[in-house]
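Please look over the chain below and explain how its strands pair, what lies in its core and where its charged side chains meet.

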Amino acid sequence: MSKPSWTKSKNINSKRYKKDLTSYLDKRAIKCVTERIDGVEEVVGKAGAIIKKDDELLIFSGGDVIMRTKIENLYAWELMSLDGVVITAPDIEHDNRTRTVIAFYSYWRQLEN
């Protein structure tokens, strides 16, 4: 017998955790995106969205793609305040360089379809 669908994986390395989290983040409006560069947080975008498209997760801000990564390659977790998400992954848009970005949610609303 399989696990009930309401149980969620807590292992951030598992495929199920990544699938559940990216489904939760899909179409979430964001107010600000920062990137950790040498331990310093720098704002890299304002106003945008997190979009799940096929097997990729994209972060858009200001009309630009801030980050695009394969879901299977990302490590992500929500902030303790639940105000945003930290994502560390190789960025397909920027020469597959591993980046850590923090996307802060714009309130609790998601984008409309």
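Strands β2 and β3 run antiparallel and are joined by six bridges; strands count as paired if DSSP finds at least two bridges between them. Helices (H or I, at least four residues) and strands (E, at least two) are DSSP runs, numbered from the N terminus. This is a predicted model, in which local features need pLDDT of at least 70 and side-chain atom pairs count only at pLDDT 80 or more, while totals for chains, interfaces and linings use all residues. Residues are numbered from 1 along each chain as its sequence is written, and side-chain values use heavy atoms, with hydrogens and water left out.

The hairpin of β2 and β3 has two residues between the strands, and D54 there takes a positive phi near 55°. Within this pairing, I50 has I59 in β3 as its bridge partner. On its other side in sequence, β2 (residues 40-53) is joined to β1 by nine bridges, and these two strands also run antiparallel. They too form a hairpin with two residues between them, where D38 in the turn has a positive phi of about 50°.

The chain as a whole has one helix and seven strands, in the order α-β-β-β-β-β-β-β. Of its 113 residues, 37% count as buried, where buried means under 20% relative accessible area, exposed over 50%, and partly exposed in between (1.4 Å probe, protein chains only).

What makes up the largest nonpolar core? It has 19 residues, and those with the most contacts inside it are I30, V33, I50, I59, V85 and I87. The elements that give two or more residues to this core are α1 (15-25), β1 (28-37), β3 (56-61), β4 (64-70), β6 (84-91) and β7 (97-110). A nonpolar core is a set of buried Ala, Val, Leu, Ile, Met, Phe, Trp, Tyr and Cys residues joined through side-chain atoms within 4.5 Å. In soluble globular proteins, nonpolar side chains tend to be buried together. I50 shows some of these links: leaving aside neighbours within four places in sequence, its contacts (heavy atoms within 4.5 Å) include L25, I30, L57, I59, V85 and A103.

The charged side chains come next. The chain has nine salt bridges, each a side-chain nitrogen of Lys or Arg within 4 Å of a carboxyl oxygen of Asp or Glu. R36 and E41 form one of them (2.8 Å, N to O), and E41 in β2 is also the bridge partner of R36. R36 is partly exposed at 40% relative accessibility, as is E41 at 38%.

Which residues does the salt bridge of 2.4 Å, N to O, join? The side chains are those of D91 and R99. D91 is buried, with a relative accessible area of 0%, and R99 counts as buried at 5%. Elsewhere, salt bridges that share partners join D55, E56, R68, K70 and E93 into one network.

Within that network, K70 and D55 meet at 3.3 Å, N to O. This pair links distant parts of the chain, with K70 in strand β4 and D55 in the loop between β2 and β3, 15 residues apart. E56, in strand β3, counts as buried at 14% relative accessibility. Not counting residues up to four places away in sequence, E56 touches I51, R68, T69, K70, I71 and I92.
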